Amino acid sequence: MKSYDVIIIGGGVIGCMTARSLSRYDLSVLLIEKEADIGMGASSANSAIVHAGHDPVPGTLKAEMNRLANPMWDQLSAELGIPFKRTGAYIVTIDEPCGCLDALQERARQNGVPAEMISAEEMKKREPRVNPATAGALFTPTAGMVDPFAACLAPLENAVMNGVTVLTETAFVDFIKEGNKILGIKTTRGDFACRWVVNAAGLYSDEVMHKAGVRTEFKINPRKGEYYVLDKSEIQIDNILFPVPTEVSKGILVLGSTHGNVLVGPNSQTTPEKDNRAVTQDGLAEIWAGSQRLVPSITPRSIIAVFAGLRATGNAHAINVDYSHDFVIEIPKEVQGLVNLAGIESPGLTSAPAIAQRVVELLKDAGEKLVEKKNFHPIRPARPRFNHLTHAEQAELVTRDPRYGRMICRCESITEGEIVAEIHAPLPARTYDAIKRRTWLGTGRCLGSFDMPRVVNILSQELGVSPLEITKKGAGSEFLVRLTKDMEA
Amino acid sequence: MPTITEKIICTTCPKGCTLEVTRDGKTVISILNGCKRGHEYAQQELTDPRRMVATTVSVKGGVHPLMPVYTSAPFPKPRIPELLKLLRTVELAAPVALDQPVLQNVLGTGIDVHASREMKRI
Amino acid sequence: MTRKENYDVVVIGGGPGGLAAAISAKKNGAEAVLIIDRDIEPGGILLQCIHNGFGMETFKQDLTGPSYAQRFIDEAMQVGVEFLLDTMVLEITRDHRIFATSKEHGFVEIQAKAVVLAMGCRERTRAQVRLPGTRPAGVYTAGTAQRWVNVEGFMPGKRFVILGSGDIGMIMARRLTFEGAKVERVLEVMPYLSGLTRNYVQCLMDFDIQLQLKHTVKNIIGKNRVEAIEACAVDDRWQPIPGTEEIIPCDTLLLSVGLIPENELSRQAGVRIDPITAGPRVDDGFQTNIPGIYSAGNVVHVYDLVDWVTEAGLAAGRSAARLVRLGPVADGPSIPVKAAENVRYVVPQTLHPAHLEEGDIRLQMRVTRPIEKPVWVEVRSGDKLITRRGEPYARPGEMVTITLKSNLVEEVKAAIELSVAIVER
């Protein structure tokens with residue numbers, strides 16, 4: 001049985017950032033992920049925002065982690081090559097009662113987050129497309145847009161560069177314990193021994209902790225959020241616009257993204273199923289109404305994609321404050337050897353680097369001797385993106401490697417060179433969706449109808465398998481069923 | 001013999017008239033709607049329906065694994081499944097010329113099957 | 001082939017529109033003519049349209065797509081048109097500079113005296129028709145499936161539901177059936193057939209494939225791969241009618257829900273796009289608003305017969321060659337051509353009355369709704385009738401044309417604008 005110092009369960013943004021933080025130290029680390037690729041849960045289906053941190057209830061872990069993490073993103077994005085733009089964000093009033101932003105501004109102050117009121121005129125100047133009936137907004141300059149999938153991929157690749165092992169299609173089954181001491185875990189791909197387990201299992205974090213007998217009353221109640229993605233050639237908004245929030249959620253946003261598309265959403269719908277990410281007619285109608293309130297000029301013609309994510313909403317009470325959906329970040333006393341991370345919904349993406357840091361601190365407090373690696377490489381070089389280069393740079397890239405000359409995704413200008421690079425990267429892309437998450441291929445106006453057959457061929461060639469084996473997102477999602485000329489009985 | 005009245009959509013021209021055909025077995029008694037060409041079409045459809053058939057056959061050594069082919073004339077509709085079955089057994093070798101005969105006098109119909117395009121050897 | 005950096009005419013797209021334009025440019029005096037195409041061989045979408053129905057007007061023959069294309073490819077080669085294949089155009093500038101990229105040829109920069117845009121169409125996608133449900137493998141546009149089945153040699157599924165009664169969807173229904181798959185249903189949201197009646201008979205009726213008008217997909221079911229479609233009836237506002245739901249087991253949903261002219265390059269170059277056609281506004285010589293940039297084929301508006309695409313390409317190539325030979329020639333004043341009663345759009349959107357002295361001008365349009373009664377297609381200048389033509393009916397799925405004969409030159413010259421209407425007789 002293979003043995004590790006630490007096993008991380010879950011390859012979402014929390015697990016990936018934690019792996020990178022731990023990879024600084026002389027520890028053998030394994031990260032297991034049940035899907036065919038990392039980041040396939042909430043981490044790649046969200047608003048893609050680094051929140052300023054004005055919104056969480058002061059005194060909660062959510063507020064603390066957000067505040068600590070927000071400033072970390074500049075260095076992190078530079079070291080790891082994660083697309084990140086600190087644009088600031090606006091909470092826009094339309095016809096809400098006067099003074100409705102005062103409470104928010106006060107909460108921002110309590111959370112130590114800069115927030116300034118701006119007039120209606122100023123709001124319209126900053127975002128000409130905003131509803132002209134706006135009465136002004138609260139501007140939080142420290143918010144920003146981030147590529148959420150890169151926020152998983154980049155730290156984990158850096159972790160792999162620094163010695164972390166990653167196993168995909170490997171699901172946690174149970175703990176191996178002796179009394180209340182964790183000795184290892186059972187997975188669908190065999191047993192592994194370890195001294196520490198980090199529970200970063202997102203939607204399934206309740207099930208994992210229950211197997212250790214921890215927090216039996218803790219439950220994840222998934223909340224679905226649906227989104228539209230708009231065609232960047234039809235509409236460009238380089239800002240983050242929030243409506244005035246309600247009790248339940250931050251509301252339906254309209255915002256730009258690091259990919260250049262405008263994103264609208266999410267709504268909030270509790271659902272019992274952890275794997276139901278179906279987009280609904282009612283949900284879309286709700287989002288539509290909400291987004292048009294903020295930006296009336298948005299039209300359905302601009303829609304090029306729709307998706308839904310599930311928030312891992314927990315029911316844990318905050319420690320000192322009356323709030324019942326706080327993060328769980330702890331080393332529980334019931335067992336030895338568990339770092340328990342759960343209920344990581346918004347601002348989870350934002351908080352990830354601070355949560356990862358907290359894991360390190362918790363381990364140190366628990367007596368772990370963490371010795372820094374002498375040869376830790378903090379930089380994960382970003383791979384070339386053809387569509388970000390000038391013509392001169394493009395010409396040079398193509399001369400260097402002609403595969404960058406062959407355009408595969410016409411709408412987003414993604415080349416064969418980039419696709420091949422992702423297939424052979426430290427965290428290899430082996431499916432169509434994996435390539436899509438990494439390159440943004442297939443997300444443009446033709447939604448993949450041009451590139452799909454070509455990508456299937458490239459994957460087939462690079463992986464050395466028949467095109468019949470190439471999948472959209474793992475086993476069971478093969479594109480093709482047989483050769484045209486093979487008739488079945 | 002009981003007479004049957006049925007509707008046939010004529011495809012001779014894009015108008016697509018719906019003809020009402022009354023027949024006794026295969027003998028046409030009357031046709032409502034349609035023009036002269038339409039009546040000829042209805043008669044043909046009843047006694048000897050035919051279709052142009054276009055499909056693909058395997059080809060080796062070319063830029064693609066499939067060669068599009070088509071019948072030189074409309075083919076008897078009831079025998080199309082047989083034709084398709086036969087074509088599944090064909091494997092060409094590149095180079096293939098445009099209109100190159102692939103099968104001649106298929107199933108004794110006097111109709112040929114031709115290559116729809118050129119395909120060079122790679 | 002040694003590739004120059006300067007060309008007289010560069011044609012973007014080597015499908016039927018582009019091939020015709022290039023041949024015509026050459027034959028009308030342009031010397032260095034280049035076709036740039038993103039595929040490894042020319043022919044465009046015709047290469048995957050292996051069915052018959054092409055060339056009745058042009059060759060008086062019922063050809064397949066590849067055969068039709070081959071005739072033009074051969075002619076293009078013969079007259080000395082050059083080809084840059086497996087090459088994607090990245091940008092076209094207002095002053096006719098073209099940037100393109102290719103594995104074989106590297107990064108390419110070309111200066112043209114005239115450009116013909118012939119990029120054709122892309123297919124409308126799932127999101128644009130806002131289909132709810134999950135996102136499993138097995139949801140494809142009909143064109144992508146056609147590429148796989150006819151060119152690459154793979155079947156993308158076993159049991160199909162097709163959304164949309166457009167020609168591509170119906171053609172694929174027959175194709176898939178020929179290759180041993182089962183097409184369970186064709187759903188069409190409108191109360192009428194979207195494509196040609198001939199295809200309904202020969203692709204659906206011949207194989208007992210049921211077409212349901214006023215029906216659509218309510219939900220896509222399946223986690224990793226499509227497992228079923230939930231279909232439902234819709235009312236006159238395309239809203240689902242509760243209680244009409246039906247689960248149809250299948251493993252593939254094909255979308256045949258429309259074509260959109262692919263004008264991203266045109267837009268970036270500053271070409272003015274007509275919001276109704278989604279293609280460039282053109283005059284009777286297929287000149288766009290940018291001097292020296294012409295446009296022909298499906299990229300201008302969606303045609304129904306390839307023969308008219310060829311005709312447009314020939315005209316655009318002629319215009320491009322004339323510019324190369326004579327420089328910018330004053331065409332005289334131009335007048336708008338507007339869509340009036342029952343007409344959705346007219347191409348060209350403007351014309352030069354003086355051009356009628358040289359020959360007829362053909363106007364092409366689509367009607368807004370089916371009129372299954374005899375109609376007049378009328379061209380008017382204000383209230384004054386310029387010309388009219390009778391048609392036995394008018395359908396959105398079939399392009400309608402009317403020719404302005406050159407003997408009308410005086411009336412047209414006196415007009416400030418023309419309007420085209422389709423009215424019941």
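**Contacts of chain A with chains B and C**

Between chain A and chain B, three residue pairs are in polar contact, counting pairs in which both residues are at pLDDT 80 or more. By class, the side of chain A that touches chain B is made up of one nonpolar, one polar and two charged residues. The model in which these contacts occur is a predicted one. No ionic pairing accompanies the polar contacts, in that the count of salt bridges between chain A and chain B is zero. In terms of residues, four from chain A are in contact with six from chain B, and the two chains bury about 430 Å² between them, with 49% of this area on carbon and sulfur atoms. On the chain A side, the area lost to chain B is greatest for Thr484(A), Lys485(A) and Met487(A), which together account for 99% of what that side buries.

The contact of chain A with chain C draws on 55 residues from chain A and 47 residues from chain C. Here the two chains bury about 4700 Å² between them, 56% of which lies on carbon and sulfur atoms. Of the area that chain A buries against chain C, 14% is supplied by His391(A), Arg445(A) and Thr484(A), a share that exceeds that of any other three residues. Thr484(A) thus appears in both descriptions, being among the residues of chain A that lose the most area to chain B and belonging also to the leading three against chain C.

Polar and ionic pairs also link chain A to chain C, where 20 residue pairs are in polar contact, again with both residues at pLDDT 80 or more. The side of chain A that touches chain C receives at least two residues from each of strand S18 (303-311), helix H10 (391-400), helix H13 (451-463) and strand S23 (482-483) of chain A. Sorted by class, this side of chain A has 29 nonpolar, 11 polar and 15 charged residues. Six salt bridges are counted between chain A and chain C, and in one salt bridge the side chain of Arg454(A) meets that of Asp39(C), with an N to O distance of 3.9 Å.

Strand pairing is a further element of the contact between chain A and chain C. Strand S23 of chain A is joined by two bridges to strand S11 of chain C (residues 154-155), and the two strands run antiparallel. Within this pairing, Leu483(A) has Phe154(C) of S11(C) as its bridge partner.

Conventions: Residues are numbered from 1 along each chain as its sequence is written. Chains are lettered from A and ligands numbered from 1 in the order in which they are written. This is a predicted model: local features need pLDDT of at least 70, side-chain atom pairs count only at pLDDT 80 or more; totals for chains, interfaces and linings use all residues. Side-chain values use heavy atoms; hydrogens and water are left out. Contact means heavy atoms within 4.5 Å. Buried area is the accessible area (1.4 Å probe) that two parts lose on being put together, summed over both. A salt bridge is a side-chain nitrogen of Lys or Arg within 4 Å of a carboxyl oxygen of Asp or Glu. A polar contact is a pair of N or O atoms within 3.5 Å; within protein, one must be able to donate a hydrogen and the other to accept it, and residues adjacent in sequence count only if both atoms are side-chain atoms. Helices (H or I, at least four residues) and strands (E, at least two) are DSSP runs, numbered from the N terminus. Ala, Val, Leu, Ile, Met, Phe, Trp, Tyr, Cys and Pro count as nonpolar, Asp, Glu, Lys and Arg as charged, and the others, Gly among them, as polar. Two strands pair if DSSP finds at least two bridges between them.
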